[in-house]
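The following note sets out numbered points on the structure shown below. It is meant to be read alongside the coordinates.

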Amino acid sequence: ASGFTLIEVMVTVAIIAILAAIAIPNYSDYVLRGQLANATNILGGIRAQMEQYYQDNRTYAASGTFSPPCQSITAVAQFTLSCTISNNGNSYLMTATGSGPTAGFTYTVNEANVQQTTAARTGWNTSNTCWVTKRGQVC
């Protein structure tokens, strides 16, 4: 006469299943957003170093034995970084390309601080004016 009925157990299992169906995707997006923020923070930091380098050398290109900061870092936090210097050392384009859990995302920034999301996963937006770090974000 003590214990749980089958109905009570099934209702409990159904409630747990519904909560898991909502919580797990939201948690996954939350973790992914944190990893995307790592890439945008690194791009912003290297951009500041590039501007300091330009003030010191009047070029973004290598100067003597000094190389630009954007060419010294190649990977960080599930992203591969690349840097292209063009226009006789007067412009650059830094690119962070996702790998592993961040695969499908690509962020860029240039000397004019134009931040772009050039590639994103399905359900995420791209942008020519900002770094998209949240599902559904528009700039």
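**Note on disulfides, sheet and core**

1. Cys 130 and Cys 139 form a disulfide, with their sulfur atoms 1.4 Å apart. The model under review is a predicted one, and this distance is a value computed from its atoms. The two partners differ in exposure: Cys 130 is buried, at a relative accessible area of 12%, whereas Cys 139 counts as exposed, at 53%.

2. How many disulfides does a search of the whole structure find? The search returns 2. When the bonded cysteines are numbered in sequence order, the pairing reads 1-2, 3-4.

3. The other bond links Cys 70 to Cys 83, with an S to S distance of 1.9 Å. Cys 70 belongs to the loop between helix 1 and strand 1, and Cys 83 to strand 2, so this disulfide ties together parts lying 13 residues apart in sequence. The torsion about its S-S bond is about -60°, and the disulfide is therefore left-handed. Cys 70 has a relative accessible area of 3% and Cys 83 one of 16%. Because the limit for burial is under 20%, Cys 70 is classed as buried, and Cys 83 is likewise buried.

4. Strand 2, which holds Cys 83, is part of an open sheet of 5 strands in the order 1-2-3-4-5, with antiparallel pairing. At the edges stand strand 1 (75-76) and strand 5 (115-119), each of which pairs on one side only. In general, the strands of a sheet pair through backbone hydrogen bonds, in either a parallel or an antiparallel manner.

5. Strand 1 and strand 2 (residues 79-86) run antiparallel and are joined by 2 bridges. Within this pairing, Val 76 stands opposite Phe 79 of strand 2.

6. Which residues have the most contacts inside the largest nonpolar core? They are Leu 36, Leu 43, Phe 79, Met 94, Phe 105 and Tyr 107, in a core of 21 residues. Two or more residues come from each of helix 1 (6-57), strand 2, strand 3 (91-98) and strand 4 (106-110). Helix 1 gives the most, with 6 residues.

7. Phe 79 deserves a separate entry, since this residue appears in both the strand pairing and the core. Leaving aside neighbours within four places in sequence, Phe 79 is in contact with Gln 35, Leu 36 and Ala 39, and with Thr 74. Further contacts of Phe 79 include Ala 96, Thr 97, Gly 98, Ser 99 and Thr 102, along with the core residues Phe 105 and Tyr 107.

Notes
Residues numbered from 1 in each chain as written. Predicted model: local features only at pLDDT ≥ 70, side-chain atom pairs only at ≥ 80, totals over all residues. Heavy atoms only, no water. Pairing = 2+ DSSP bridges. Helix = DSSP H or I, 4+ residues; strand = E, 2+ residues; numbered from the N terminus. Core = buried A, V, L, I, M, F, W, Y, C linked by side-chain atoms within 4.5 Å. Buried < 20%, exposed > 50% of the residue type's maximum accessible area, 1.4 Å probe, protein only. Contact = heavy atoms within 4.5 Å. Disulfide = S-S within 2.5 Å.
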